[in-house]
Amino acid sequence: MVERLTWRKLALELAFFYLPWIGIGLLVGDLAWWLLLASVLVLLWNFYHQLRLSDWLWKERSLTPPSGAGNWVPLFSGIYRLQKRNRRRRQDLVNLIRRFRNGAESLPDAVVVYDYDGSIVWCNKLAEELLGLRMPSDAGQYIGNLIRTPEFISYLADSDFDHALEMRSPVNASSTLEFRTMPYAEGEYLMVVRDVTQLKQLEGMRRNFFANVSHELRTPMTVLRGYLEMSEDPDMLVGPMWDKAHGVMTEQLTRMESLVEQLLTLSKIEASAKLELDHIVDVPSMLDILQKEAQTLSGESDHKLCFEIDNGLKVYGDDDQLRSAISNLVYNAVKHTPEGAAVTVKWFDSHTGPRLEVIDSGEGIAPQHIDRLTERFYRVDKARSRETGGSGLGLAIVKHALSHHESNLEITSTVGQGSMFSFTLPERLRC
């Protein structure tokens with residue numbers, strides 16, 4: 001181990017060096033010249049090591065210092081230790097920055113670091129996607145020049161970062177972003193940007209859901225309240241009037257009961273955890289029962305019901321959810337098909353998996369409505385849906401039930417000719 005250089009050690013080295021020269025000078029009789037010669041040699045020796053040190057510091061890439069002698073050994077070793085320690089600290093800092101950036105890249109939110117004057121220091125990949133930034137070319141740019149919306153400029157100017165900013169994405173106007181900013185390091189800020197489009201849509205759906213439920217329940221409740229108030233006067237409900245009141249109240253109660261039952265079914269399906277799908281579902285037997293129920297539902301409308309069933313085709317799945325999905329499709333077809341028209345139900349093995357098709361010959365659906373049919377309470381014709389007892393929840397139930405079976409509802413329709421509602425289950429669910 002090399003010891004550090006001290007005044008005592010340096011004085012001893014110089015004394016041992018000069019003693020021989022002093023002895024020679026005393027013997028020869030010319031001490032001054034011999035001391036001068038010894039000093040020149042000392043200077044040349046030190047200049048030589050200074051040059052080697054300079055070359056190592058400025059030219060050499062090696063971490064190992066040149067070999068030295070005497071009092072230069074502690075100097076070379078000390079600089080070597082210092083460089084080694086600095087390199088280790090620099091590597092630790094690089095690793096720390098790398099871990100921070102990797103962590104920031106893994107976040108589900110966009111992250112932007114900028115200086116107090118608004119100059120961008122760094123951003124992650126998601127920030128590039130959501131805000132249109134580009135690294136490293138945008139490093140040092142004023143963030144207000146890259147995100148130029150008035151709301152954002154005011155947000156930066158006010159510096160009131162206690163509250164979040166919500167605004168449209170500068171890249172995609174259909175997306176809503178939430179900005180939160182906080183002090184990060186000395187003279188720097190950390191901005192976290194989150195895409196809250198889906199949250200906003202869910203909030204809207206929740207508000208619409210409660211509004212629709214309230215509206216759907218208010219009508220039958222108003223009717224019932226009206227007849228109950230009339231019943232306070234016995235003379236108002238006599239003869240044919242009572243028969244009419246009784247029929248209307250029964251109809252409205254049935255409507256409310258159906259709505260509540262469908263709401264419970266939808267909530268149960270949505271709240272279901274991931275299904276194992278290991279239970280055998282006898283779809284042919286299910287369709288046989290549904291055919292009889294559809295015939296009863298048709299009643300005097302005398303629909304031409306045609307069920308083409310592969311009686312040997314069973315699947316793995318959840319019996320209740322598949323029954324809800326299939327029955328809603330069959331009942332909807334019967335309800336929305338004119339009297340005497342045909343309704344065809346097919347259950348067969350396609351080349352992509354077990355497939356169900358429900359084909360009606362009703363009025364058809366305009367293209368602008370098809371994408372929204374599975375929304376809760378969405379109706380193409382609200383007046384006609386209420387006449388047929390529709391709640392607007394049937395296809396929402398179908399959508400969620402099929403999603404648990406790794407399938408999707410397919411809708412094709414031609415106005416004036418009819419519609420086909422279908423789905424295909426994955427091959428692996430075939431028994």
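## Briefing on a predicted protein chain

Tyr189 is partly exposed, with a relative accessible area of 24%, a value that lies between the 20% limit for buried residues and the 50% limit for exposed ones. The model is a predicted one, and its protein chain contains 13 helices and 12 strands. Of the 431 residues in this chain, 34% count as buried. Among the contacts in the chain with a separation of 6 or more, 57% are accounted for by residues 24 or more positions apart.

**Aromatic rings**

- When rings are paired by having their centres within 6.5 Å, the count comes to seven aromatic pairs.
- One of these joins Phe161 and Tyr189, whose ring centres are 5.5 Å apart and whose planes stand at 70°, so the pair is edge-to-face, the class for angles over 60 degrees.
- This pair links distant parts of the chain, since Phe161 sits in the loop between helix H6 (150-158) and strand S3 (165-168), whereas Tyr189 belongs to strand S5 (residues 188-195), and the two are 28 residues apart.
- Phe161 has a relative accessible area of 17% and is therefore buried, while its partner Tyr189, at 24%, is partly exposed.
- Ring pairs also tie Phe161 and Tyr189 into a cluster with Tyr114, Phe152, Tyr155 and Phe179.

**Nonpolar cores**

- The largest nonpolar core holds 45 residues, of which Leu287, Ile326, Leu329, Trp347, Leu356, Leu409 and Phe421 touch the most other members.
- At least two residues of this core come from each of helix H8 (240-271), helix H9 (283-298), strand S7 (304-309), H10, strand S9 (342-350), strand S10 (353-360), H13 and strand S12 (418-424).
- The element that gives the most to this core is H10, with seven residues.
- Apart from this core lies another, of 21 residues, which has Ala127, Leu131, Ile143 and Met167 among its members.
- Leaving aside residues up to four places away in sequence, Trp347 touches Val283, Pro284, Leu287, Glu308, Ile309, Asp310, Leu313, Val315, Pro354, Arg355, Leu356 and Leu425.

**Packing of helices H10 and H13**

- Helix H10 (residues 319-335) packs with helix H13 (residues 394-403) at an angle of about 145°, and the axes of the two helices are 8 Å apart.
- The crossing that H10 and H13 make is left-handed.
- On the H10 side the contact is formed by Gln321, Ser324, Ala325, Asn328, Leu329 and Asn332, and on the H13 side by Gly394, Leu395, Ile397, Val398, Ala401 and Leu402.
- The residues of this contact comprise seven nonpolar, five polar and no charged ones.
- Leu329 appears both in the contact of H10 with H13 and among the residues that touch the most other members of the largest nonpolar core.

**Two individual helix residues**

- Ile79, which lies in helix H3 (residues 72-106), has a relative accessibility of 25% and so counts as partly exposed.
- Not counting residues up to four places away in sequence, Ile79 touches Leu53, Trp56 and Leu57; of these, Leu57 is 22 residues away from Ile79 in sequence and 9.5 Å away in space, C-alpha to C-alpha.
- Ser298 lies in helix H9 and counts as buried because its relative accessibility is 4%.
- With residues up to four places away in sequence again left out, Ser298 touches His303 and Val334.

Note on methods:
Residues are numbered from 1 along each chain as its sequence is written. This is a predicted model: local features need pLDDT of at least 70, side-chain atom pairs count only at pLDDT 80 or more; totals for chains, interfaces and linings use all residues. Side-chain values use heavy atoms; hydrogens and water are left out. Axes are lines fitted to C-alpha atoms, for helices over the stretch in contact, and angles run from 0 to 180 degrees between N-to-C directions. Helices (H or I, at least four residues) and strands (E, at least two) are DSSP runs, numbered from the N terminus. A crossing is left-handed if the near helix is turned anticlockwise from the far one by less than a right angle, and right-handed if clockwise. Contact means heavy atoms within 4.5 Å. Ala, Val, Leu, Ile, Met, Phe, Trp, Tyr, Cys and Pro count as nonpolar, Asp, Glu, Lys and Arg as charged, and the others, Gly among them, as polar. Rings of Phe, Tyr and Trp (its six-membered ring) pair if their centres lie within 6.5 Å; planes under 30 degrees apart count as stacked, over 60 as edge-to-face and the rest as tilted. Buried means under 20% relative accessible area, exposed over 50%, partly exposed in between (1.4 Å probe, protein chains only). A nonpolar core is a set of buried Ala, Val, Leu, Ile, Met, Phe, Trp, Tyr and Cys residues joined through side-chain atoms within 4.5 Å.
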